[in-house]
Amino acid sequence: MAGVDGDPSNVVGLGLALTHRLLNDVGLSIAELWAANPVP
């Protein structure tokens, strides 16, 4: 495939490993963010 099929914001983003590292660098954890923002 030579292109993006769909909305680029749904296809292109930060990888989970990078997101985890960036959050850790500022003292946050994914688990804490999920706990603080429960899905209704």
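Begin with the whole chain selected and its surface displayed: the accessible surface comes to about 3600 Å², and carbon and sulfur atoms hold 63% of that area. Accessible areas follow the Shrake-Rupley method with a 1.4 Å probe, and for residues only the protein chains shown count as cover. The model is predicted: local features need pLDDT of at least 70, side-chain atom pairs count only at pLDDT 80 or more, and totals for chains, interfaces and linings use all residues. Residues are numbered from 1 along each chain as its sequence is written, and side-chain values use heavy atoms, with hydrogens and water left out.

Next, colour by secondary structure. The chain contains three helices and zero strands, in the sequence pattern α-α-α. These elements are DSSP runs numbered from the N terminus, with helices (H or I) of at least four residues and strands (E) of at least two. Of the 40 residues in the chain, 5% are buried; buried means under 20% relative accessible area, exposed over 50%, and partly exposed in between (1.4 Å probe, protein chains only).

Now select helix H2, residues 16–25. Three of its residues are visited in turn.

Leu-18 lies in this helix and counts as partly exposed because its relative accessibility is 32%. Add Leu-14 and Leu-22 to the selection: with Leu-18 they form a nonpolar surface patch, with about 260 Å² of accessible area together. Patches are made of residues with over 30% relative accessible area and no salt bridge, joining like charges within 9 Å and nonpolar side chains (Val, Leu, Ile, Met, Phe, Trp, Tyr) within 5 Å. A salt bridge places a side-chain nitrogen of Lys or Arg within 4 Å of a carboxyl oxygen of Asp or Glu.

Move to Thr-19, also in helix H2. Thr-19 is partly exposed, because its relative accessibility is 23%. A C-alpha to C-alpha distance drawn from Thr-19 to Ser-29, ten residues apart in sequence, reads 9.8 Å.

Finally, select Leu-23 in helix H2. Leu-23 is buried, because its relative accessible area is 17%. Neighbours within four places in sequence aside, Leu-23 is in contact (heavy atoms within 4.5 Å) with Leu-28, Ile-30 and Leu-33. The C-alpha atoms of Leu-23 and Leu-33 are separated by 9.9 Å, with their positions ten residues apart along the chain counted as sequence separation.
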